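Ready for a few structure-reading exercises? Take a look at the sequence and the model, and try each task before reading its solution.

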Amino acid sequence: VQLQASGGGLVQAGGSLRLSCAASGRTFSNYAVGWFRQAPGREREFVGAITGLGISTTYADSVKGRFTIARDNAKDTSFLQMNSLKPEDTAVYYCAAGFSYSKDSYSYDYWGQGTLVTVSS
């Protein structure tokens, strides 16, 4: 599976952004999608995940209630809607695909290139 993340940019605190993750190459619905982020000088961290059919989602406590993950399997795309953004959300955001629905980055076999989100105060 090839993944292409897009939609990052500069936004003020309190604003919103919607990231997209476009997939190609395999049957997208067979794969769970995880979203991760990495801030400068910090380790990559889990943001949230969605099952292959989009029935279940899970989120990190730091984004719960502000971020929403969705997917459109007909368009082979997953989305990360980010609301009420904070400066501490500044990071490169990655989407990943794998057979396991997990918070663990090692469970995902395929990764997009990342898209930078910068939240100004």
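Below are four exercises, each with a worked solution.

Residues are numbered from 1 along each chain as its sequence is written, and side-chain values use heavy atoms, with hydrogens and water left out. The model is predicted, so local features need pLDDT of at least 70 and side-chain atom pairs count only at pLDDT 80 or more, while totals for chains, interfaces and linings use all residues.

**Exercise 1. Describe the open sheet that contains strand 7 and name its edge strands.**

Step 1: Helices (H or I, at least four residues) and strands (E, at least two) are DSSP runs, numbered from the N terminus. Two strands pair if DSSP finds at least two bridges between them.

Step 2: Reading across, the four strands of this open sheet have the order 1-3-8-7, with antiparallel pairing.

Step 3: Strand 1 (2-6) and strand 7 pair on one side only, which makes them the edge strands.

Step 4: On average, neighbouring strands here are turned by 15° against each other, direction ignored. For such angles, axes are lines fitted to C-alpha atoms, for helices over the stretch in contact, and angles run from 0 to 180 degrees between N-to-C directions.

**Exercise 2. Work out the two faces of strand 7 and its link to strand 8.**

Step 1: In a regular strand, side chains alternate between the two faces of the sheet.

Step 2: In strand 7 (residues 67-72), Phe 67, Ile 69 and Arg 71 form the covered face, and Thr 68, Ala 70 and Asp 72 the uncovered one.

Step 3: Strand 7 is joined by six bridges to strand 8 (residues 77-82), and the two run antiparallel. Arg 71 has Ser 78 as its bridge partner in strand 8.

Step 4: Four residues lie between the strands of this hairpin, where Asp 76 takes a positive phi near 50°.

**Exercise 3. Which strand supplies the largest share of the largest nonpolar core, and what are its partners?**

Step 1: A nonpolar core is a set of buried Ala, Val, Leu, Ile, Met, Phe, Trp, Tyr and Cys residues joined through side-chain atoms within 4.5 Å. Buried means under 20% relative accessible area, exposed over 50%, and partly exposed in between (1.4 Å probe, protein chains only).

Step 2: The largest such core has 34 residues, and Trp 35, Phe 67, Leu 80, Met 82 and Tyr 93 have the most contacts inside it. Its largest share, five residues, comes from strand 9.

Step 3: Seven of the eight residues of strand 9 are buried.

Step 4: Strand 9 runs antiparallel to strand 4, joined by seven bridges. It also pairs in the antiparallel sense with strand 11 over three bridges and with strand 10 over two. Tyr 93 has Thr 115 as its bridge partner in strand 11, and Ala 96 has Trp 111 in strand 10.

**Exercise 4. Is Ser 102 buried or exposed, and what does its side chain reach?**

Step 1: Ser 102 lies in the loop between strand 9 (91-98) and strand 10 (110-111).

Step 2: Its relative accessible area is 15%, so Ser 102 is buried.

Step 3: The Ser 102 side chain reaches the backbone nitrogen of Asp 104 at 2.8 Å.

Notes. A polar contact is a pair of N or O atoms within 3.5 Å; within protein, one must be able to donate a hydrogen and the other to accept it, and residues adjacent in sequence count only if both atoms are side-chain atoms.
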